[in-house]
Amino acid sequence: MHDESATLALGASLAAHLSAGDVVLMEGALGSGKTALARGIAAGLGVLPEQVHSPTFTLVNHYLGRLPVYHIDLYRIQKPSDLLELGLEELLGTDGVALVEWPERLGSWLPDKVIRVSIQDRGGSLREIRVVDRRAGGNQDSVR
């Protein structure tokens with residue numbers, strides 16, 4: 001079980017295992033900690049944590065670190081055709097790391113080889129975080 005500081009630390013730890021082209025799908029209810037996890041991953045990739053904000057209204061924020069970080073928030077996407085304007089082909093699986101909030105809205109854009117992070121609010125400041133790494137075709141699962 002994690003509070004926000006532990007979620008940030010988990011993100012930074014996960015960042016150590018990321019390389020160009022990786023896609024991290026972050027699933028969880030509104031306010032569950034997806035942006036905190038993104039902030040931790042970005043910090044682990046050399047981005048100042050205070051620079052990382054939820055891109056709910058801009059849809060995509062781009063940060064420069066050890067690798068480019070593309071923080072994508074699809075909360076406001078209503079239909080798959082709305083994704084055409086985002087230029088996802090330039091963000092997913094390319095030169096940087098893509099962090100995707102609300103990935104269920106990717107539709108046919110959903111890559112096969114991803115790291116899937118599921119965050120469950122357990123009340124108060126506690127969260128249960130499950131990480132499944134499917135980059136190498138495997139199914140490495142861990143609960144934190």
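Which residue in E6 does arginine 116 stand opposite? In this predicted model, the residue facing arginine 116 is valine 132. That pair is a good place to begin a walk through the strands, and from there we can move on to the core, the charges and the loops.

## A hairpin and its partners

Arginine 116 and valine 132 belong to a pair of strands, E5 and E6, which run antiparallel and are joined by seven bridges. The two strands make a hairpin with five residues between them. In the turn sits glycine 123, whose phi is positive, at about 95°. Five of the seven residues of E6 are buried, so the rest of the structure largely encloses this strand.

Now look at E1, which has partners of its own. E1 and E5 run parallel and share five bridges; here valine 24 stands opposite isoleucine 115 in E5. E1 and E4 also run parallel, with four bridges between them, and methionine 26 stands opposite glutamate 101 in E4. How many of the six residues of E1 are buried? Five are, so E1 is largely enclosed by the rest of the structure. As background for looking at any of these strands, side chains in a regular strand alternate between the two faces of the sheet.

## Two nonpolar cores

The largest nonpolar core holds 23 residues. Among those with the most contacts inside it are Val24, Ile41, Leu45 and Ile115, so you have already met two of these residues as the facing pair of E1 and E5. At least two core residues come from each of helix H1 (4–15), strand E1 (23–28), helix H2 (34–44), strand E4 (97–101), strand E5 (115–121) and strand E6 (127–133). Helix H2 contributes the most, with four residues.

Leucine 45 deserves a closer look. Leaving aside residues up to four places away in sequence, leucine 45 touches Ala15, Gly65, Arg66, Leu67, Val69 and Val97. There is also a second, separate core, with 17 residues that include Leu25, Tyr70, Val100 and Trp102.

## Helix H2 and what follows

Is H2 largely enclosed or largely open? Nine of its eleven residues are buried, so H2 is largely enclosed by the rest of the structure. The buried residues include Lys34, Arg39 and Ile41. Covering them are, among others, H1, E1, E3, E4 and E5.

Just after H2, glycine 46 takes a positive phi of about 95°. Further on, glutamate 50 lies in the loop between H2 and strand E2 (60–64). Glutamate 50 counts as exposed because its relative accessibility is 55%, which is over the 50% cut-off. Its C-alpha atom is 8.1 Å from that of arginine 39, although eleven residues separate the two along the chain.

## Charges that pair and one that does not

Side chains of opposite charge can pair when their charged atoms come close. How many salt bridges does a search of the whole structure find? The search finds one. It joins the side chains of glutamate 27 and arginine 116, at 2.4 Å from N to O. This pair links distant parts of the chain, with glutamate 27 in strand E1 and arginine 116 in strand E5, 89 residues apart. Glutamate 27 is partly exposed, with a relative accessible area of 21%, and arginine 116 is partly exposed at 22%.

Aspartate 73, in strand E3 (residues 68–73), tells another story. This residue is buried yet has no salt bridge, and the nearest side chain of opposite charge, arginine 105, is 6.8 Å away. The side chain of aspartate 73 does reach the backbone nitrogen of tyrosine 75, at 2.9 Å.

## Two loop residues to find

Most residues other than glycine have a negative phi. Tryptophan 102 has a positive phi, near 60°. You can find tryptophan 102 in the loop between E4 and E5, where it is buried, with a relative accessible area of 12%.

Arginine 122 sits in the loop between E5 and E6. With a relative accessibility of 42%, arginine 122 counts as partly exposed. Arginine 122 and arginine 134 are twelve residues apart in sequence, and their C-alpha atoms are 25 Å apart in space.

Conventions. Residues numbered from 1 in each chain as written. Predicted model: local features only at pLDDT ≥ 70, side-chain atom pairs only at ≥ 80, totals over all residues. Heavy atoms only, no water. Buried < 20%, exposed > 50% of the residue type's maximum accessible area, 1.4 Å probe, protein only. Lys, Arg positive; Asp, Glu negative; His and termini not counted. Salt bridge = Lys/Arg side-chain N within 4 Å of Asp/Glu carboxyl O. Polar contact = N/O pair within 3.5 Å; in protein donor to acceptor, adjacent residues only side chain to side chain. Core = buried A, V, L, I, M, F, W, Y, C linked by side-chain atoms within 4.5 Å. Contact = heavy atoms within 4.5 Å. Pairing = 2+ DSSP bridges.
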